[in-house]
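The following exercises concern a structure with more than one chain. Please work through each task before reading its solution.

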Amino acid sequence: MADIEFRHISKCYPDGSEALVDFNLAVADGELMVLVGPSGCGKSTSLRLLAGLDTPSSGELLLGDRRINDLSPRQRKLAMVFQNYALYPHMSVYANLAFPLKMAGLSRAAIKHRVQDVAGVLELGEFLKRKPGQLSGGQRQRVAMGRALVREPHAFLLDEPLSNLDAKLRVQIRSEIAALQRRLHATMIYVTHDQVEAMTLGARVAVLHQGRLQQVGVPQALYDRPANLFVAGFIGSPGMNLFPARVRSGRDGLILQCEGFALPVPEDAATQQLLAPHAGEAVWVGVRPEGLALGSSVAAGPVASISAIEVLGYERLVYLDASWAPEQRLCARVGMQAPLQSGEMVGIEIDCSALHLFHQKGQAIAHWTLPPAGYIP
Amino acid sequence: MVSIWRACAYLLLLAAALLFFAPAAFMLIGSLKPDAQVLAEAGRLQAFLPGDISLQNYHDVFVRVAFGRYLGNSLFITVCVVVFGLLVNALAGYALARLEWRGRRLLLAAILAILIIPLEAIAVPLFYELSLLGWRDSYLVQIAPFIANAFSVYLFYSFFLGLPREFEDAARIDGAGSLRIFFYIIVPNSRPAFATVAILTFLTQWSAFLWPLLVTSSERVRPLPLAIANFYTLPPLQWGDIFAFGSMMVAPVLMVFLLLQRWFVRGIAATGLKD
């Protein structure tokens, strides 16, 4: 296995569209890195560039300490699993697994030995004579993994490998892949559009949007300290609630003036100093669904009307329309106890111990925690 | 009401099928009857009923002309054109559909333009060109000009465009080069296209008349269509013999069609030629 680096990689197509812009990412030897983002964000392009199926417009691709831009896919020795598996339909499972070895010029005996090894690991032994068309989705997925494993590659590239499976199977195979990666200590780049998959699978997660890397980090860091509005909205299910405010000087220092109410800012010198340059500026305030609570009092503080309630069994997601959050429908994660009805007006309690502040252009200004405090009249 | 309409439709279809089948049946049955009987029954229903059946006419054909020689010539020429044609045109179609190279679009446009030029339009200049090469009255002159075929290239091209690219991507990552991808992955998954081109090329080549007439002069290399034309004018005029000749000439075409029919129908549907 080897470490991988994307160094200032850009990919422009002849029609002028940019799939990747100055993409920098280092994946350590034996690491499972997840690339996540909405469709068209450049995550699959980055895998294709790495695999040698496409050439970057500029930048360097490094495998170990070797530049691989000019190597053929074969010379790169990377294995890839495709979204629709791309199993050769005319070949048996055995022939599919044997194909990369045959291309590498291994002897018949060596091929048989390796194929049977991998078939054993992935429990494919009884299907070796079948054609891909005679297998279930989960079995095909395992054959695709097997075809990658059998080559003993430098790294595994997985392009949305679970998106064709049903939800239950997806969870099962996801944990199988993670276990396999740990067991083999394999360098693995895993592409997905599903942020839940990214959060549960990745040692580190890289978020992409419109061809640009937004943030790289461990899942909890992305959740707790999103680098910008896109990451805040994309990571987490549902995403972060965002509403506009203005940084203003109050009696005891700076406050966040929202429409109809104000939120306190920690009084410590560091935070005050950090926000001071933004005094008077319009900003976005972010709070996770678990940071919104529904109160009975509509007299003081912000209010909203309930537009929809999703019952998850152990908790409810309550969607709220509020005049102070005109851009976005808010979402609160609440327990099952209190009776709630659509259309009802409720008071909103914002947990000020976990607020996020973003610049109008999207970059994060601060993430802070402070003891819960009341609203400033 | 619906069933009456359906019955009418079936009757109409049956009548049409009989109409198309009748000449072939007349030829096949006539080839088994004595000449006098063929003439006497022409235009009557008896022509389609077996009467005094024998293989005498077939025997006569072999006695009167070198049928075996012509059959061998036709088979050799046609098989060569089909086999080399499949290889050359499929490779060209693949290069146009999948590989990136300078001038690809221009060549594709040229191939589309060539599609509409009939052989009759270029027969004379082609004849001069090949005469200069000294190829006249040979197998080569009947094979070489027909191996590369614009229609076949285009058919392969459009079929390959429809194949999922992931197979090739996967094979490339598995370590295969373009040629190996073509032979290991593309060819086995393109049987409908290969069957379609094989049948269409076989039919065209098997019934080629004008070109062999222009470029050949000896029995040694002449194919069946020229031979049957001569056979008509060979006295005495024997309809039974002519039918036997015709039946033997059609048999290989039927065999090829029956062999590849399963893929042919899919090929026609898959390439969008049928609408």
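**Exercise 1: Two helices of chain B**

Helix α4(B) passes helix α7(B) in a right-handed crossing. A crossing is called right-handed if the near helix is turned clockwise from the far one by less than a right angle, and left-handed if anticlockwise. Helices (H or I, at least four residues) and strands (E, at least two) are DSSP runs, numbered from the N terminus. This is a predicted model, in which local features need pLDDT of at least 70 and side-chain atom pairs count only at pLDDT 80 or more, while totals for chains, interfaces and linings use all residues. Residues are numbered from 1 along each chain as its sequence is written, and chains are lettered from A and ligands numbered from 1 in the order in which they are written.

Task: Describe how α4(B) and α7(B) are placed and which residues meet.

Solution.
- Step 1. Two packed helices are described by the angle between their axes and the distance between the axes.
- Step 2. For α4(B) and helix α7 (residues 140–147) of chain B, the axes come within 9 Å and cross at roughly 25°. Axes are lines fitted to C-alpha atoms, for helices over the stretch in contact, and angles run from 0 to 180 degrees between N-to-C directions.
- Step 3. The two helices, α4(B) and α7(B), are therefore roughly parallel to each other. Angles under 35 degrees count as roughly parallel, over 145 as roughly antiparallel, 65 to 115 as roughly perpendicular and the rest as oblique.
- Step 4. From α4(B), B:I77, B:C80, B:V81, B:F84, B:G85 and B:V88 meet B:Q142, B:I143, B:F146 and B:I147 of α7(B). Residues are in contact if their C-beta atoms, placed from the backbone, lie within 7 Å.
- Step 5. The residues of this contact divide into 8 nonpolar, 2 polar and no charged. Ala, Val, Leu, Ile, Met, Phe, Trp, Tyr, Cys and Pro count as nonpolar, Asp, Glu, Lys and Arg as charged, and the others, Gly among them, as polar.

**Exercise 2: Two helices of chain A**

Task: Carry out the same analysis for α3(A) and α4(A).

Solution.
- Step 1. The axes of helix α3 (residues 93–103) and helix α4 (residues 108–121) of chain A come within 10 Å and cross at roughly 130°.
- Step 2. That angle makes α3(A) oblique to α4(A).
- Step 3. The crossing of α3(A) past α4(A) is right-handed.
- Step 4. On α3(A), the contact is made by A:Y94, A:L97, A:A98, A:L101 and A:K102; on α4(A), by A:I111, A:R114, A:V115, A:V118 and A:A119.
- Step 5. By class, 8 of these residues are nonpolar, none is polar and 2 are charged.

**Exercise 3: The contact between the chains**

Task: Determine which helix supplies the largest share of the side of chain B that touches chain A.

Solution.
- Step 1. The contact takes 13 residues from chain B and 17 residues from chain A.
- Step 2. In chain B, α9 (165–173) and α10 (178–186) each supply at least two residues of that side.
- Step 3. The largest share, 6 residues, comes from α9(B).
- Step 4. The side of chain B that touches chain A has 6 nonpolar, 2 polar and 5 charged residues.
- Step 5. In α10(B), the buried residues are B:I181, B:F182, B:Y184, B:I185 and B:I186. A residue is buried if 20 or more other C-beta atoms, placed from the backbone, lie within 10 Å of its own, exposed if 12 or fewer, and partly exposed in between. Their cover includes α4 (67–98), α8 (150–161) and α9 of chain B.

**Exercise 4: Open sheets of chain A**

Task: Establish the strand order of two open sheets in chain A and name their edge strands.

Solution.
- Step 1. Four strands form an open sheet in the order β2-β1-β4-β5 (chain A), with antiparallel pairing. Two strands pair if DSSP finds at least two bridges between them.
- Step 2. The edges are β2 (18–27) and β5 (66–67) of chain A, each with a single partner strand, so one side of each is left without a neighbour in the sheet.
- Step 3. Strand β1 (residues 4–12) of chain A pairs with β2(A) over 6 bridges, and A:I4 has A:V27 of β2(A) as its bridge partner.
- Step 4. Another open sheet has 6 strands in the order β6-β7-β8-β3-β9-β10 (chain A), and its pairing is mixed.
- Step 5. Here β6 (78–81) and β10 (212–217) of chain A stand at the edges, each with a single partner strand, so one side of each lacks a neighbour in the sheet.
- Step 6. Within the 6-strand sheet, β3 (residues 32–36) and β8 (residues 188–192) of chain A run parallel and are joined by 5 bridges.

Terms used: Two residues are in contact if their C-beta atoms, placed from the backbone, lie within 7 Å.
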